[in-house]
Amino acid sequence: LRGMARGSGFSQPRWPRLAQMLLLVGVVGPKPACGAYFYVEEGTEKCFQQDLVEHQVLRMTYSMHDKEVLEGNETATPSECGILMKSPAGKVVKEHAVLSDNHRGVIAHAAQDEGPHSICLKCQPKGWFFHQSTRWSVVFDVLGSSPGLQVDITKLASQSDFKGSQVGIQEVLERLAALESENEYEKTFEARFSRASGAVNTDVAAFKLVQVVLITAVTAFQVHHLSSFLRSRIFDCSCLPT
């Protein structure tokens with residue numbers, strides 16, 4: 001058949017082979033990279049903008065991949081990195097410090113003004129000449145962009161709610177500290193009372209022993225004198241004429 005096709009001047013169609021190659025590339029070809037990141041050089045700001053309407057909530061999930069930069073070592077001081085959220089007027093409305101223990105996290109901000117809000121990442125340089133670049137990954141979510149996801153700002157937890165809980169926790173901690181101090185005082189007082197009671201018992205026993213010795217000595221002295229007196233009386237009586 002191949003010879004007949006060549007002899008008749010017809011060629012086999014090539015598009016099925018091309019389709020197979022494209023399908024093979026699609027199956028085993030390169031996949032989109034997961035965990036993509038970008039660089040932020042120390043001393044410079046990397047900013048993003050997001051248009052928000054009033055009472056919309058902007059949620060930012062961040063990850064600072066170079067955690068060792070935040071920890072520092074014996075030869076290098078730790079970097080000071082942070083996230084700034086700015087209003088459309090350029091005023092900083094939220095500031096979040098990124099440390100080694102929270103190099104990954106989530107922050108949120110409820111917009112009070114309508115317009116483009118800026119989210120900036122910044123790390124302070126550790127030296128005058130050497131500026132290191134750090135790797136970051138961020139994801140932004142806008143809540144309340146549709147009627148079904150509209151956020152009621154009046155139902156959000158306020159600072160007074162957190163203060164009330166904080167006051168309650170502080171009172172519980174103070175009460176626990178007072179109970180611990182009271183227990184420690186009772187233990188100390190009990191130990192002192194035990195030592196004083198032991199000392200008093202020892203003194204009473206010694207006093208009783210001395211008292212018994214004195215009574216024994218006085219009794220012996222009286223018996224001795226009484227016996228001497230009786231002997232003298234008996235002797236006097238034997239000397240009288242009968």
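Q: Helices (H or I, at least four residues) and strands (E, at least two) are DSSP runs, numbered from the N terminus. In what order do the elements of this chain run?

A: Happy to start there, with the note that this is a predicted model. From the N terminus on, the order is α-α-β-β-β-α-β-β-β-β-β-α. The chain has 4 helices and 8 strands, and 18% of its 242 residues count as buried.

Q: What makes strand 2 and strand 5 stand at the edges?

A: Look at the strand order of their sheet: it is an open sheet of 4 strands, 2-7-4-5, with antiparallel pairing. Strand 2 (45-52) and strand 5 (92-98) each have a single partner strand, so one side of each is left without a neighbour in the sheet. From one strand to the next, the twist averages 15°.

Q: How do you know that strand 4 and strand 5 are joined?

A: Two strands pair if DSSP finds at least two bridges between them. Strand 4 (residues 80-86) and strand 5 run antiparallel and are joined by 6 bridges, so the pairing criterion of at least two is met. You can find one position of this pairing at G82, which stands opposite A97 in strand 5.

Q: Which strands make the open sheet that contains strand 8, and why are strand 1 and strand 6 called its edges?

A: This open sheet has 4 strands in the order 1-8-3-6, paired antiparallel. Strand 1 (38-41) and strand 6 have a single partner strand each, so each has one side without a neighbour in the sheet. Ignoring direction, neighbouring strands of this sheet are turned by 35° against each other on average. Strand 1 pairs with strand 8 (residues 133-143) over 4 bridges, in the antiparallel sense. Within that pairing, Y39 has R135 in strand 8 as its bridge partner.

Q: Why is the contact between R135 and D66 called a salt bridge?

A: The cut-off is a side-chain nitrogen of Lys or Arg within 4 Å of a carboxyl oxygen of Asp or Glu. For R135 and D66, the closest N and O atoms are 3.0 Å apart, so the contact qualifies. R135 lies in strand 8, and D66 lies in the loop between strand 3 and helix 3 (67-71), so the pair ties together parts that are 69 residues apart in sequence.

Q: How do you know whether R135 and D66 are buried or exposed?

A: Buried means under 20% relative accessible area, exposed over 50%, and partly exposed in between. D66 has 7%, so D66 is buried. R135 has 27%, so R135 is partly exposed.

Q: What makes D141 and R59 a salt bridge?

A: Their side chains come to 3.1 Å, N to O, so the pair falls within the 4 Å limit. This pair links distant parts of the chain, with D141 in strand 8 and R59 in strand 3 (residues 57-64), 82 residues apart. D141 has a relative accessible area of 26%, so D141 counts as partly exposed. R59, at 33%, is partly exposed.

Q: Where do K86 and E45 lie, and how do you know that they form a salt bridge?

A: Their closest N and O atoms are 3.7 Å apart, so they too come within 4 Å. K86 is in strand 4 and E45 in strand 2, 41 residues apart, so the pair links distant parts of the chain. E45 has 36% relative accessibility and counts as partly exposed. The structure holds 3 salt bridges.

Q: Why is H103 called buried?

A: Its relative accessibility is 17%, so H103 falls under the 20% limit. H103 lies in the loop between strand 5 and strand 6 (104-110). A polar atom of the H103 side chain lies 3.1 Å from the backbone oxygen of S100.

Q: What makes the phi of H55 worth a look?

A: Most residues other than glycine have a negative phi. H55 is not a glycine, yet its phi is positive, about 75°. H55 is found in the loop between strand 2 and strand 3, and at 25% relative accessibility H55 counts as partly exposed.

Q: How do you know that L179 can belong to a nonpolar surface patch?

A: Patch residues need over 30% relative accessible area. L179 has 31%, so L179 passes and counts as partly exposed. L179 lies in helix 4 (residues 159-239). Together with I169, V172, L173 and L176, L179 makes a nonpolar patch of about 440 Å².

Notes. Residues numbered from 1 in each chain as written. Predicted model: local features only at pLDDT ≥ 70, side-chain atom pairs only at ≥ 80, totals over all residues. Heavy atoms only, no water. Patch = residues over 30% accessible without salt bridge, like charges linked within 9 Å, V, L, I, M, F, W, Y side chains within 5 Å. Areas by Shrake-Rupley, 256 points an atom, 1.4 Å probe, with all protein chains shown as cover. Buried < 20%, exposed > 50% of the residue type's maximum accessible area, 1.4 Å probe, protein only. Axes fitted to C-alpha atoms, helices over the stretch in contact; angles between N-to-C directions. Polar contact = N/O pair within 3.5 Å; in protein donor to acceptor, adjacent residues only side chain to side chain.
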